[in-house]
Each structure stands twice: as C-alpha cells, then as structure tokens.
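Please follow the strand pairings and the aromatic contacts through the model shown here. The explanation proceeds from one element to the next.

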Amino acid sequence: NIQHLLVKNDSGKIAGVVRSKDLQKSFHSSYLFLIQKINNATTVTELLVYHSQLTILVKGLIDRKANVVDITKLIAGISENIFAKVVQLAINKIGASPVGFSFLVLGSAGRGEQTLATDQDTAIIFEDVDKEKESAVAQYFLKLGEIVSADLNHIGYNFCKGDVMARNPKWCQSL
C-alpha cells in the first residue's frame, strides 16, 4: 500500500517523488506505445514479438495488483489491434478484396473478456454477389480466412478446437 517513494540524489538530498499514479501513467504509455508498434508492423513476425510483450505488460500490472477488469480490457484492446493488423497483412499478401466484407471476432475476444490464453473465434461476412461470381469470391475469403487463422495461431492465438474460424466455410459466408 505504498503510494509515494522519495528519490534521493547522490548527496542524499531528496530530489523528487515517484507516485503510484506516475507508474500507472507509464504503463498507459507502454500500452499506447505497443499499440503504435502493432499498427506500424509490416510482418507477422513483428506481431509475434509484440504479442509476447503483452505478457510482460500484463505481469507488471498483476504485480501492482491492478484491477482484473482493466487488465482484461488491455489484453482485448491489444489483441483487437493485432487481429486487425493480421487481416490487413493478409490482404496485402493476396490482394484487395473483390467485395466489401466484415471480419468478425467472436467469443471472449469479441466480448472484450479475453485472457492471455485464449483461442481464436472468427468469421467473415462478405457482400452478396451474382451466382457466376459467387464461387471465386467465396474462395478469396476462405483464402483470407486461412491466412489470418494460420498467422493468428503463429502469433499465439490458438486455433479454435470447435473450428469457429474464418477459414471454415461455415464461418465464412455471404450476407
């Protein structure tokens, strides 16, 4: 329950005070810095490194007895950015989508109740198209779902045991 620490200089005089609020602000800055690095990432390997830094950030918060709800929100916020970046990187790899779509994050992540040991539950809903284009458009999004699912698994978001993932045709469909 220590809220303040006095900082002394080399001559033993008090040079300043470190408050618990200051430490909380530094963690907030770390959070924002991590989000910025995620958003600027150009490879899945970078995202893997940033995801591992999330564990360090959360450990620090747990050590400081931070509120569990706040920790969960932090995990969900960072994961949301990682998921979005993985989708963007996959699109960069296979080309622009042929029609508009939504990439959905379901389950604990979708509810913002994510923990560090969560799996991925995702879906893709894409715009309806004419029958003659339907197969090609569906194949594009299944390919997108496959890449995203594999990349998320590589980063540390395990495959869903129930196969609720955008790579599954059941969870990758037109509107």
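In this predicted model, strand 3 (residues 101–105) and strand 4 run antiparallel and are joined by five bridges. Within this pairing, Phe101 has Phe126 of strand 4 as its bridge partner. Strand 4 itself spans residues 122–126 and is mostly covered, with four of its five residues buried.

Strand 4 also pairs with strand 5 (residues 172–174); here the two strands run parallel, and three bridges join them. One of the contacts places Ile124 opposite its bridge partner in strand 5, Cys172. Between these two strands the chain passes through helix 5 (residues 131–155), and the resulting β-α-β crossover from strand 4 to strand 5 is right-handed.

The aromatic side chains connect helix 5 with the strands. A pair of aromatic rings is described by the distance between the centres and the angle between the planes. Four aromatic pairs are present in the structure. One of them joins Phe101 and Phe141, whose rings lie 5.1 Å apart, centre to centre, with 55° between the planes, a tilted arrangement. This pair links distant parts of the chain, since Phe101 belongs to strand 3 and Phe141 to helix 5, 40 residues apart. How accessible are the two partners, Phe101 and Phe141? Phe101 is partly exposed, because its relative accessible area is 25% and partly exposed residues fall between the limits of 20% and 50%. Phe141 counts as buried because its relative accessibility is 0%, and buried means under 20%.

Phe141 takes part in a further pair, with Phe126: the ring centres are 4.7 Å apart and the planes stand at 10°, so this pair is stacked, planes under 30 degrees apart being counted as such. Because Phe126 lies in strand 4 and Phe141 in helix 5, the pair ties together parts that are 15 residues apart in sequence. Both Phe126 and Phe141 are buried. Ring pairs link these residues into a cluster that consists of Phe101, Phe126, Tyr140 and Phe141.

Attention now turns to the beginning of the chain. Strand 1 (4–8) runs antiparallel to strand 2 (residues 14–19), and five bridges join the two. In this pairing Lys8 stands opposite Ile14 of strand 2. The two strands form a hairpin with five residues between them, and Gly12 in the turn has a positive phi of about 90°.

Ile2 lies in the segment before strand 1 and counts as exposed because its relative accessibility is 64%, the cut-off being over 50%. Together with Leu5, Val7 and Val18, Ile2 forms a nonpolar patch on the surface, with a combined accessible area of about 340 Å².

Notes: Residues are numbered from 1 along each chain as its sequence is written. This is a predicted model: local features need pLDDT of at least 70, side-chain atom pairs count only at pLDDT 80 or more; totals for chains, interfaces and linings use all residues. Side-chain values use heavy atoms; hydrogens and water are left out. Patches are made of residues with over 30% relative accessible area and no salt bridge: like charges are joined within 9 Å, nonpolar side chains (Val, Leu, Ile, Met, Phe, Trp, Tyr) within 5 Å. Accessible areas come from the Shrake-Rupley method with a 1.4 Å probe; for residues, only the protein chains shown count as cover. A salt bridge is a side-chain nitrogen of Lys or Arg within 4 Å of a carboxyl oxygen of Asp or Glu. Buried means under 20% relative accessible area, exposed over 50%, partly exposed in between (1.4 Å probe, protein chains only). Two strands pair if DSSP finds at least two bridges between them. A crossover is right-handed if, with the strands pointing away from the viewer, the path from the first strand over the helix to the second runs clockwise. Rings of Phe, Tyr and Trp (its six-membered ring) pair if their centres lie within 6.5 Å; planes under 30 degrees apart count as stacked, over 60 as edge-to-face and the rest as tilted.
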